[in-house]
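Reader: Hello! I would like a close look at one part of this model, with the cut-offs spelled out as you go. Could you walk me through it?

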Amino acid sequence: MNLTMSKPNIGKRQLLMTAVLLGLLTAMVTICPAFAADAPSELTSILGTLLEYIGIIFRAIGILLAIYAFGQMILAFKDENPDAKSKSASILVVGILLIAMPTIIEALDLLEYLS
């Protein structure tokens with residue numbers, strides 16, 4: 001019994017056609033056309049209201065973080081702790097960014113892309 005496996009004889013043309021067919025099948029599976037319709041006005045108003053609430057929450061959390069960071073910074077300067085100074089400064093920056101986030105979104109007019 002001969003148990004050795006022989007190498008299949010595949011020509012260059014057949015290999016090229018297989019590669020092209022595989023590429024076309026991959027393109028057909030991955031390319032999916034999407035036809036977007038205009039959003040209803042009710043959905044746009046709900047999203048606008050939801051984003052206003054999220055902006056209020058961001059500002060409230062930012063104010064709390066800024067107050068906490070300011071208190072930590074005072075304690076860090078009192079104790080001469082450089083590590084606590086840098087941590088409180090970074091928390092203060094995050095708090096300021098959270099406070100300013102709704103204003104930044106309105107200034108860049110990012111809500112227009114939702115409708």
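Author: Happy to. Helices here are DSSP runs of H or I with at least four residues, strands are runs of E with at least two, and both are numbered from the N terminus. Threonine 49, for example, lies in helix α2, while serine 88 is found in helix α3, the part I will dwell on. This is a predicted model, in which local features need pLDDT of at least 70 and side-chain atom pairs count only at pLDDT 80 or more, while totals for chains, interfaces and linings use all residues. Residues are numbered from 1 along each chain as its sequence is written, and side-chain values use heavy atoms, with hydrogens and water left out.

First, the setting. The protein has three helices and zero strands, giving the pattern α-α-α along the sequence. Of its 115 residues, 9% count as buried, where buried means under 20% relative accessible area, exposed over 50%, and partly exposed in between (1.4 Å probe, protein chains only).

Now to α3 itself. This helix covers residues 82-107, 26 residues in total. The expected span is 1.5 Å times one less than the number of residues, so α3 should span 38 Å, and its end C-alpha atoms, 36 Å apart, agree with that.

At the N-terminal end, asparagine 81 acts as a cap, with a side-chain oxygen 3.3 Å from the backbone nitrogen of aspartate 83. Further along, α3 bends by about 45° at alanine 100, and proline 102 follows within four residues; the bend is the angle between axes fitted to the seven residues ending at a residue and the seven starting there. Just after the helix, aspartate 109 takes a positive phi of about 55°.

The buried residues of α3 are Ser88, Gly95, Leu98 and Pro102, and what covers them includes α2 (41-79). Serine 88 is buried because its relative accessible area is 2%. Leaving aside neighbours within four places in sequence, serine 88 is in contact (heavy atoms within 4.5 Å) with Ala69, Gln72 and Met73. Its side chain also reaches the backbone oxygen of lysine 85 at 3.0 Å. That is a polar contact, meaning a pair of N or O atoms within 3.5 Å; within protein, one must be able to donate a hydrogen and the other to accept it, and residues adjacent in sequence count only if both atoms are side-chain atoms.

Back in α2, the side chain of threonine 49 reaches the backbone oxygen of serine 45 at 2.9 Å. Threonine 49 is partly exposed, with a relative accessible area of 36%.
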